[in-house]
Structure formats: structure tokens, C-alpha cells
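User: I would like to learn how to read the side-chain features of a protein model with some care. Could we go through one together, a feature at a time?

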Amino acid sequence: MIALPLQVLAAIQSVPSVDGALISAIAGSSPGDVLLLDPGSHMGPIELDKPITIDGQGQATIKGNETGSVISVTGTDITIRGLEIAGSGSSHETIDSGIQLHRTAAHIVVEDNRILGNLYGVDIHGAKDATVRGNTIIGRRDHRMNSRGNGIYVWNAPRILVEKNDIQYGRDGIFVNTSNHGVFRGNLMRDLRFAVHYMYAHDSEISGNVSVGNHLGFALMYSNRITVRDNMSLADRDQGLMLNYTNKSDLVGNLVRSAGDKCLFIYNAHRNLIGDNRFEGCGIGIHFTAGSERNAIVGNAFIANQTQVKYVGTRDVEWSFDGRGNFWSDHPIFDLDGNGIADSRFRPNDLMDHILWSQPAAGMLLGSPAVQLIRWSQAHFPATLPGGVVDNFPLMTPIDIPVPEKIAALEKAARANPVWLRERTENVSDPLASH
């Protein structure tokens with residue numbers, strides 16, 4: 001007997017928008033079938049346990065009964081496309097979602113859907129080789145931000161691809177935990193706690209994502225060998241990028257602009273390449289601590305940050321590599337030989353900075369003649385400077401990272417009306433108050 005491929009045996013079936021029609025069509029379908037849903041509302045919840053395609057053609061809605069997940073996937077080789085999905089339950093214990101992929105699921109494609117008002121948008125819980133692409137996910141706003149669900153929740157889902165999704169509201173945009181070999185690229189995340197919350201996930205890629213107006217952009221923790229490239233954090237409230245116990249990773253070509261606290265915070269993270277990024281208009285350009293000196297930091301632009309670098313140490317830490325350093329907007333540079341490298345080295349901090357960080361009350365003396373004399377003396381007698389960051393090869397020109405017009409408009413709106421101000425106006429508690 002010759003086994004025919006599923007595509008040969010597949011049937012295309014139209015499903016009317018009447019009660020019970022979708023559940024009956026799924027039950028009666030064969031592997032490889034395509035169910036084309038008629039425009040209108042189709043009642044859920046539904047479970048998909050066989051290799052079929054559900055296609056709403058951009059005009060059909062699957063509505064849950066506000067209990068559990070709207071679509072539960074337990075089978076393999078399933079595609080969910082072109083649907084509006086709403087009506088999940090409200091239990092964090094069962095991770096009630098618009099679409100939930102269970103550990104028995106594999107080779108699932110979730111694309112071009114509108115997933116609206118569910119507790120979680122898409123939960124990938126143990127599923128392998130899944131793709132979540134081109135979806136619009138709008139989370140809930142009826143709880144405190146910390147009590148909401150994530151747009152996309154990934155747990156132990158190796159080789160996942162999450163790309164080109166537009167995620168707004170809820171708790172975190174993409175939350176990844178204990179999941180290796182994933183790719184997260186080209187996603188837009190707004191009005192959230194964290195855009196990307198990333199833990200215990202190794203050998204993965206986070207690239208080309210945009211965080212606008214969130215509390216924190218990209219929180220990358222307890223992970224090794226990840227590539228963080230060409231992302232943008234714009235008008236995020238607290239921090240743009242955070243490396244916490246993240247090692248042997250590349251942080252390259254990213255733009256952080258107008259983070260209220262820190263562009264980049266590095267805590268106990270080692271052997272990383274931090275290169276060709278642009279850190280602009282933040283409270284602190286880079287704050288690194290807890291023995292995080294063993295990183296290569298080169299080619300970055302530090303522009304108009306209130307404090308370019310915050311580091312307290314007793315020895316010099318060189319921030320250049322192979323004769324190339326970083327650009328500093330507050331360095332009075334000159335380049336007589338025209339080689340693109342400033343002719344004088346740069347130290348972003350002095351003794352008074354160290355005193356102010358360890359003894360904040362000393363800030364009352366900033367304008368005093370004694371403080372000005374100390375700073376003048378250190379500028380003219382470098383031997384009196386404490387340990388800290390030294391760039392022996394500062395760059396003459398900064399790296400330029402253009403922002404697309406559409407994203408720049410979102411950044412402008414976020415700065416004018418930030419999510420944390422809107423949440424307070426609407427009597428929603430501060431999501432970081434418990435941290």
C-alpha cells in the first residue's frame with residue numbers, strides 16, 4: 001500500500017458561524033484538512049490535537065467562554081491563522097490564554113492573528129519548534145500591571161521563532177524562561193512592564209526588537225551565549241537594557257534613548273562584547289557593578305547622559321580594544337593626525353563622583369569652591385585620580401542608528417503621555433512598587 005502525503009488527502013472545508021459548527025468540523029476533520037472559517041463569531045473553547053489548519057481569513061472570531069484557554073493545542077503540525085481570538089479565563093495557575101501550546105505540541109504555526117483581551121496572549125508551554133509570527137496581541141488593563149499576563153510566554157520551548165508581533169498592554173511583552181535555541185526578532189512592544197523578560201535561556205538571538213514607553217526594555221538574566229543585536233529601547237522609564245548574570249554574550253548595534261534611570265545596567269555579567277551601541281539621553285549611560293569588569297566595551301556612543309558611566313573601583317578598567325575606544329559627547333576632543341581617534345584619553349568619572357555615589361549627602365557641596373578645586377586639580381594632575389573607567393582611544397564620531405519614522409512617532413507619543421502616568425491616572429497601581 002502506498003502512503004499518500006497529507007497534502008494529497010487534505011480537504012478544504014468552510015465552517016459557518018453558527019453554534020457548534022466549529023467544534024463539529026474539528027472533530028470530523030482529517031489530518032491535513034484546512035478549515036476556512038466564515039466571517040463572524042465562532043464559539044470556543046476548542047482543542048486541536050491533529051495536523052490541521054484553522055484559517056479565519058482575517059474576518060472570523062473565535063470567542064471563549066471566559067474559562068481556561070480559548071484555543072488549546074496538543075497535537076503536531078498545526079497552523080492557526082487569520083483569526084481574532086478573545087475570551088480566555090483569568091487564572092494564572094492554568095495560564096489562561098488566547099492560544100496555549102502544550103508540551104505534546106510541536107511544529108505549530110501561529111500567524112497573522114489578533115489576540116485581544118486575554119489574560120495571556122500566547123502560551124508556549126513545552127512545545128517544540130513553534131513559530132509565532134505577525135500577530136497583534138493586546139492584553140488586559142483590568143488589573144494592576146503585575147497581576148496581568150504576558151503577551152507571549154515561553155517555557156521550555158526549544159527552537160522557537162517569535163517574530164514581527166505587535167504587543168501592547170498586559171505585564172511583560174515576551175517572557176522567556178528555561179528555553180534554549182530560540183530566536184526573538186522584529187517585535188514591537190509598548191505600554192508594558194518589561195518588553196523582553198529573559199531568564200535561563202541560552203544560545204539564543206534577540207534582534208531587531210523595539211521597546212517603546214515601557215517600564216524596562218530588555219531584562220536579560222541568568223543566560224549565556226545570547227546575541228542581542230539591533231534592538232531599540234525608546235522612552236522606557238527605568239532602564240533600557242539590563243544584563244544580570246548574563247555571560248559570553250554579544251550586545252551589539254542597539255539603541256537606548258531617553259531611559260529615565262539607566263541606558264544599560266550590568267550586574268555580575270562577564271566576558272560579554274558590548275560594542276557599537278548608542279546610549280543617549282539617560283540618567284546614567286552605563287552602570288556596572290558586582291565585579292563586572294571583564295567585558296569588552298568598544299565602539300559605543302555615550303551622548304548627553306547625565307552621568308556617562310557609574311562605576312566605583314580601586315583599579316583602572318580599560319574601555320577600548322585594539323586601538324579603538326568609544327565616543328563621549330562630553331570629551332573635549334581633538335584629532336591632529338586625522339586618524340579618527342582623539343589625541344587624549346578620557347576618564348568619565350573623578351573622585352567627587354565616587355564620593356557622591358557612596359555619600360549622597362555630599363551633593364550639598366557640589367557648588368562649593370572646595371569641590372571645584374578638587375576637580376580642577378584632578379584634571380591637571382591625573383595621578384591624583386582614583387581607579388575607574390579609562391578610554392585611551394576615544395572615537396571622534398559617534399555611531400548613528402536611525403529610527404524609522406513610525407517608531408519615532410511612537411517614541412514621541414510615549415514621552416508626552418507615558419504609560420506609568422496613564423496607569424496612575426486610571427487608578428492602576430505602580431507595577432514596580434513591590435520590587
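**Reading side-chain features**

Analyst: Let us begin with a single residue: Arg347 is found in the loop between strand 37 and helix 3 (351–358). The model is a predicted one, and in it Arg347 is buried, having a relative accessible area of 17%.

User: With which side chain does the side chain of Arg347 make a polar contact?

Analyst: The partner is Asp316, whose side chain makes a polar contact with that of Arg347 at 3.0 Å.

User: How much confidence does the predictor assign to the model as a whole, and where is pLDDT below 50?

Analyst: The mean pLDDT of the protein is 88, and 84% of its residues reach 70 or more. Over residues 351–359, however, the pLDDT is below 50, although this stretch has 26 contacts in the model beyond near neighbours in sequence. Residues 427–435 likewise have pLDDT under 50, and for them the model has 20 contacts beyond four places in sequence.

User: How many helices and strands does the protein have, and what percentage of its residues is buried?

Analyst: There are six helices and 38 strands, and buried residues account for 56% of the 435 residues. As for the contacts between residues at least 6 apart in sequence, 47% of them join residues at least 24 apart.

User: How should I read a pair of aromatic rings, and how many aromatic pairs does a search of the whole structure find?

Analyst: In general, a pair of aromatic rings is described by the distance of the centres and the angle of the planes. Here the search of the whole structure finds 14 aromatic pairs. For Phe288 and Trp319, the ring centres are 5.3 Å apart and the planes stand at 40°, so this pair is tilted. Because Phe288 lies in strand 32 (residues 284–289) and Trp319 in the loop between strand 36 (317–318) and strand 37 (327–328), the pair ties together parts that are 31 residues apart in sequence. Both Phe288 and Trp319 are buried, and they belong to a cluster, linked by ring pairs, that also contains Phe279, Phe302, Tyr311, Trp328 and Phe346.

User: Which residue has its charged end over the ring of Phe194?

Analyst: That residue is Arg193, whose charged end sits 4.6 Å from the centre of the Phe194 ring. Arg193 lies in the loop between strand 19 (188–190) and strand 20 (194–199) and is buried, with a relative accessible area of 8%. Its side chain also makes polar contacts with two other side chains, that of Asn146 at 3.2 Å and that of Asp172 at 2.8 Å. A further case of a charge over a ring is Lys262, which lies over the face of Phe265 at 5.2 Å from the ring centre.

User: How do I read a nonpolar core, and which residues have the most contacts inside the largest one?

Analyst: The general idea is that, in soluble globular proteins, nonpolar side chains tend to be buried together. In this model the largest nonpolar core has 75 residues, and Ile71 and Ile124 are those with the most contacts inside it. Leaving aside residues up to four places away in sequence, Ile124 touches several residues, including Leu101, Val132, Ile152, Trp155 and Ile160. Another core, of 12 residues, lies apart from the largest one, and among its members are Tyr120, Met199, Met221 and Met242.

User: What does Ser329 touch, not counting residues up to four places away in sequence?

Analyst: Ser329 touches Phe302, Ile303, Ala304 and Gln308 on that count, and a polar atom of its side chain lies 2.9 Å from the backbone nitrogen of Ala304. Ser329 lies in the loop between strand 37 and helix 3, and at 36% relative accessibility it counts as partly exposed. The C-alpha atoms of Ser329 and Ala301 are separated by 7.9 Å, with the two positions 28 residues apart along the chain counted as their separation.

User: Finally, the backbone: which residues does a cis peptide bond join?

Analyst: Gly44 and Pro45 are joined by a cis peptide bond, with omega about 5°, and Pro45 lies in the loop between strand 3 (40–43) and strand 4 (46–48). Turning to phi, Lys248 has a positive value of about 55° although it is not a glycine, and this residue, in the loop between strand 26 (239–244) and strand 27 (250–252), is partly exposed at 47% relative accessibility.

Note on methods:
Residues numbered from 1 in each chain as written. Predicted model: local features only at pLDDT ≥ 70, side-chain atom pairs only at ≥ 80, totals over all residues. Heavy atoms only, no water. Phe/Tyr/Trp six-rings, centres within 6.5 Å; stacked < 30°, edge-to-face > 60°. Helix = DSSP H or I, 4+ residues; strand = E, 2+ residues; numbered from the N terminus. Buried < 20%, exposed > 50% of the residue type's maximum accessible area, 1.4 Å probe, protein only. Lys NZ or Arg CZ within 6 Å of the ring centre and 35° of its normal. Core = buried A, V, L, I, M, F, W, Y, C linked by side-chain atoms within 4.5 Å. Contact = heavy atoms within 4.5 Å. Polar contact = N/O pair within 3.5 Å; in protein donor to acceptor, adjacent residues only side chain to side chain. pLDDT = per-residue confidence, 0-100.
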